[in-house]
Amino acid sequence: MSFFKLISCFLILSSILYCDTFFELPIQAEDFKIIKGWQVSDFGYFPSEPNFWSGTKLIADEKDSSAIAFYDFEVPVTGEYALWVRYESCYGFGSLFKVIIEQDGEKSVKIFGSKKHEKFFPFGHGLTIQGPWTWHNTDYVYQGTTFILKKGKARIYLIKDENENPSAKRVIDFVYITNDLNLKPQDDWRWRATQEPPMISRFSIPLFLKINVLDGENLILRIGYEWWLIGYYKGPKKTFYFTKQGLKQLQQKEKLKDEDKLKKGFVSKFEKIDINPVMPPVLIFNLEGEGKLNVEVSLRNPENIVKKLIIDNNKKEEWLIVGIGKERYEKGILGTEKALTFEEFLKKQIKIVDDYKIKGKKAEKIFLGSAIGSFPYLTFQLAKSCGMNCEFYGMHPEIYGKDPIWTGFNTSIGFITLHNIHLRKEFYEGKFEDLDKIYRGRYENLKKEIGRDLPVYIKLIEESGPPSFKVLSNWDVINQKFKNYMIENGYKGYEKIGSGSPEEAEKDPILFYHSWEFRAKLFTEVCKKATELIEKIFPEGTRTTSGSIYISTGGFPAMENGYEVFDLFKNRGVTVYSSENSWGLGGTPDYIGAQTQSFEGTIARALSKYHNIPMGAYLISDGNRGYNKDYIELASYSLLSHGFKFLQYYNLGYPTECSFIGHPDILKGIKVVSYTIGEIEDYLLDGKVIDADIGIIYSETTNIWDNSVKIEGKNLPGNTIYPQERQNLYYILRHLHYPIDIVCEDDVISGYINKYKVLIFIGDHIKRKAAEELEKWVLNGGFLISVAGGPFYDEYNKEIEKMKNLFGIDKFQLDKKQHFMRPKLDLLHAENLDTISFNEILPSFNIYAYRQSFLPKNGKPIGYFKNGEIASVVNNYGKGKTLIIGALPGISYLEKTFPLLPYGRGGIDELSNYIPTNFNSKVRDVFEFFLKDLNLNKIIEVSEPLVEPVIMKSIKDQNIYYISLINFSGKNIDNLKVKINIDRIKKAKSIFSKSNLRNNILEIQKIEKFEFLVLEKG
């Protein structure tokens, strides 16, 4: 052992012997004295939920300029000390800073914030080197080191200078010093009541309470303390009682003694409660007994009174929100006030929305609503002010009862939740007696609550799918079902469901494929039975909704949750489309923004077509997670234009998570949507989106085989290339203003595809029967396009020789270099693999992730990689033709669409709210070249590519068209030109702006976010 190590051990032993308790020094970053460069701020890249910040933060720019701050402290005893810094760390970006401790002129320097450093990520990732994981926008971290310190004075410096490239701002929350070397960070968001995480729980702000009993005897005043808007992530919950001796916390089951109860004439001194400064506190006052109290509330010192309250028998409970300087939350809650009761707060919000005057009329028939929490009457009034007209997942009798006393909502249908109740082992095994009882009990209770029969939409699924393969393999009944299922498919000898693992895919592809397929069908089967029971028990018109499914756009492998969406809807596992796709804005970097809801709308139409079922969705609106007014408006217009009949803006209440109640801009945005849609809802309800000539094939077989790829690494998103490509390629076609449908492999097999002129295959596996039908379709005149991969392998991973003939190739080489390429994260930092060059007419473009080269047989080479290998082949086949591009043009389309900025959560200079507009027009030009001469039904062409038209035909009158124009360009557009490719247009009018029709070109004077056209043929 070296001399230095001996000294270190001695110092540590000394510190333990001479300290009765461990020393700890929590230092708020904002308590450092700033010399230059740093600023105190409440913002950052990740300023809000589900992040916890101990208060405000120190922020310095992303550049190499100097920033210096210091803090003086006293070291109690010589020894080794751990130092932890809590700060923001953005994937792919450097945030270097130095921590220097100076004693007696000697300095010890430690460097923090490198991309290469191991850090503790308290949102479930633990101690690791930062990677591009799935749930990526909560990147606040702890990083630790140790110092040998001598007893006496010390100065700690935070210094920012040279940074790594690319660079991010430095955002520092706190520094924590302790001689407890075993103390480690924990998952802060697991804060539960008195179960407090270390370090962050050590910070507090003093709050003072004083009472004056004006009347009454034997009174009990209970004060609850919790955080504003925590919901999922809980936080501290404490209960205090005022006694003659001051504030008191009781042990479990302990009751307040009679001598401690209050009576008239008692005046307390100011009593202190330590408030954690993570979020604004809510104080809940409860009075027991007949009496009257005056309560004074002060913050930081008794003289700083922020609120005076009267609590009496007219209002035995009062909730008070106290501002502590958390601007990110408090501005929308408190405005300029220091504290507000909930009644005052709700009345303030109502006034703000009522004073926001807009033209139009409130939606009445299309359902717009949210969940209503505490203080239901005022929350109901606020919902009405916002233009909402229904309540989700709750049915207050005052609104929905036989004789309602709160009026103004559309109560022709209700929305309740029974989610995931049907997903128990016994139900998967086919024993539904208990489920029948549960549903009957819920129906009887509902009927009793509201006093009448009312059809309801019942949320059936909450972010869930079937059990894992491991669980199912231990259920004997399920294994017998699987055995029978395999026999039906022509395979004997399979006694047990497989593991669905990459290893199984290689060893036994038949077992691998059918295990995934069986598991999905099992989920559909139990959902179908639950739906049938509900339809049998509840009033006519009741339906089940798919609730909180997340139909993958690229954030997760499409089959990760184990359900196959086309099978679920086609077999009536649910009878209303609903999803939680909009959650992606605040959590998954595959989600580009409100435009994603156009993609969702098209998927929803594809799933709903089998039984012509209603469509709706959660449209998450939580400002604390980065959602804003612009997003709410654009996403709403997009979904409603695709035929959605209801939108659930999530929670308008407290206490709960994901509430937008404290965000006036979002409340205003919902009002704008309601009063805009109210003007055109009769048209929307009469319209049906027209049939497209182009279909994108959603390959369920590829979805299964995507799970055969083994992904090495912790918390990574999985193999998501094809879901991402499907979404991105959709944008190319929509920006060319082609109507688009999405079709599944069973649609191919059934002959449904015969209505299309062009099909685009995205994937590398397909059912053999579907491949055969694709060949017939091309022979009869269809144009089949494929991206890298191609329909060359069947469900058992065997090559389909006919498909190579179809595309006119003899051999191909497919190289998969990366397994995820999400535009806000992975693509942002990726280097291109190669470049595809076409003939002299077409532009070249860079490619990413996948590269496929070809040896043609009968096909004609039309594209080349830099080394001369063939990258694209076109082939005439019968009356039709095929084209394969050995790349992922959809991903190339988003190259450099997003600037090189961190991906955060509603913060500053980051991507969560960035509206992408700078798409790669070279890729768009290539697709336009191949599609332009096919006489496709491009009914509407718009002078701005990013104004997206959704075209509907009237159900009542086939001579009338309705066109929604959603402006995703991020700017207002003057004199927008809309070319109408319809013969004999007699009338054309725009609803929200002046317009002029000349020679089938409608010029619209101004479009902001949305315009709606009504066209009539002569």
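**Close-up views of a predicted model**

**View 1. Pro166 lies in the loop that runs between β12 (152-160) and β13 (170-178).** The structure shown here and in the views below is a predicted model. The peptide bond that leads from Asn165 to Pro166 is cis, and its omega is near -5°. Most peptide bonds are trans, and most residues other than glycine have a negative phi.

**View 2. Tyr393 and Lys896 have positive phi values, and neither is a glycine.** For Tyr393, phi is about 55°. Tyr393 is placed in the loop between β25 (390-391) and α5 (397-400). The relative accessible area of Tyr393 is 22%, so this residue is partly exposed. For Lys896, phi is near 60°. Lys896 is found in the loop between α22 (889-893) and α23. With 67% relative accessibility, Lys896 is exposed, because the cut-off for that class is over 50%.

**View 3. Trp319 and Phe375 form one of the 63 aromatic pairs counted in the model.** The pair is edge-to-face, with 5.2 Å from centre to centre and 90° between the planes. Trp319 belongs to strand β22 (residues 317-322), whereas Phe375 is in the loop between β24 (367-372) and α4 (376-385). The two residues are 56 residues apart, and the pair links distant parts of the chain. What is the relative accessible area of Trp319? The value is 9%, so Trp319 is buried, given the cut-off of under 20%. Phe375 has 26% relative accessibility and is partly exposed.

**View 4. Phe512 and Trp705 form a tilted aromatic pair.** Their ring centres are 4.7 Å apart. The planes stand at 50°, so the pair is classed as tilted rather than as stacked (under 30 degrees) or edge-to-face (over 60). This pair, too, links distant parts of the chain: Phe512 is in helix α11 (residues 509-537) and Trp705 in helix α16 (residues 700-706), 193 residues apart. Both Phe512 and Trp705 are buried.

**View 5. One aromatic cluster includes Tyr393, a residue shown in View 2.** The other members of the cluster are Phe367, Phe392, Phe415, Tyr457, Tyr618, Phe646 and Tyr650. Tyr393 is thus both a member of this cluster and a non-glycine residue with positive phi.

**View 6. Charged side chains sit over aromatic rings at Tyr157 and Phe865.** At Tyr157, the charged end of Lys107 is over the ring and 5.7 Å from its centre. At Phe865, Arg851 lies over the face of the ring, 3.9 Å from the ring centre.

**View 7. Helix α23 (residues 921-931) has buried residues along one face.** Which residues of α23 are buried? They are Val923, Arg924, Val926, Phe927, Phe930 and Leu931. In a projection down the axis of α23, the buried residues fall within an arc of 155°, so one face of the helix is lined by them.

**View 8. Val874 and Ile884 are 6.6 Å apart in space, C-alpha to C-alpha.** In sequence, the two are ten residues apart. Val874 is in strand β41 (residues 870-877). The relative accessibility of Val874 is 17%, and the residue is therefore buried.

**View 9. The largest cavity encloses about 100 Å³ of space.** Its lining has 14 residues, and those closest to its centre are Arg605, Val689, Arg734, Pro739 and Ile740. Two or more lining residues come from each of α13 (596-608), α17 (721-735), β33 (740-744) and β44 (947-954). Which element gives the most to the lining of the largest cavity? It is β44, with three residues. The lining of the largest cavity comprises nine nonpolar, two polar and three charged residues. In the whole model, three cavities of 30 Å³ or more are counted.

**View 10. The second largest cavity has a volume of about 50 Å³.** The residues that line the second largest cavity are Tyr550, Ile551, Ser552, Ala558, Met559, Tyr563, Glu564, Val565, Tyr698 and Asn703. By class, seven residues of this lining are nonpolar, two are polar and one is charged.

How values were computed:
Residues are numbered from 1 along each chain as its sequence is written. This is a predicted model: local features need pLDDT of at least 70, side-chain atom pairs count only at pLDDT 80 or more; totals for chains, interfaces and linings use all residues. Side-chain values use heavy atoms; hydrogens and water are left out. On a 1 Å grid over the protein atoms alone, a cavity is a set of points where a 1.4 Å probe fits but cannot get out, and a pocket is an open set with protein on both sides within 12 Å along at least five of seven lines; lining residues have an atom within 4 Å of a point. Grid points are joined across faces, edges and corners, and a volume is the space filled by probe spheres set on the points. Helices (H or I, at least four residues) and strands (E, at least two) are DSSP runs, numbered from the N terminus. Ala, Val, Leu, Ile, Met, Phe, Trp, Tyr, Cys and Pro count as nonpolar, Asp, Glu, Lys and Arg as charged, and the others, Gly among them, as polar. Rings of Phe, Tyr and Trp (its six-membered ring) pair if their centres lie within 6.5 Å; planes under 30 degrees apart count as stacked, over 60 as edge-to-face and the rest as tilted. Buried means under 20% relative accessible area, exposed over 50%, partly exposed in between (1.4 Å probe, protein chains only). A charge sits over a ring if NZ of Lys or CZ of Arg is within 6 Å of the ring centre and within 35 degrees of the ring normal. The arc is that of the directions from the helix axis to the C-beta atoms.
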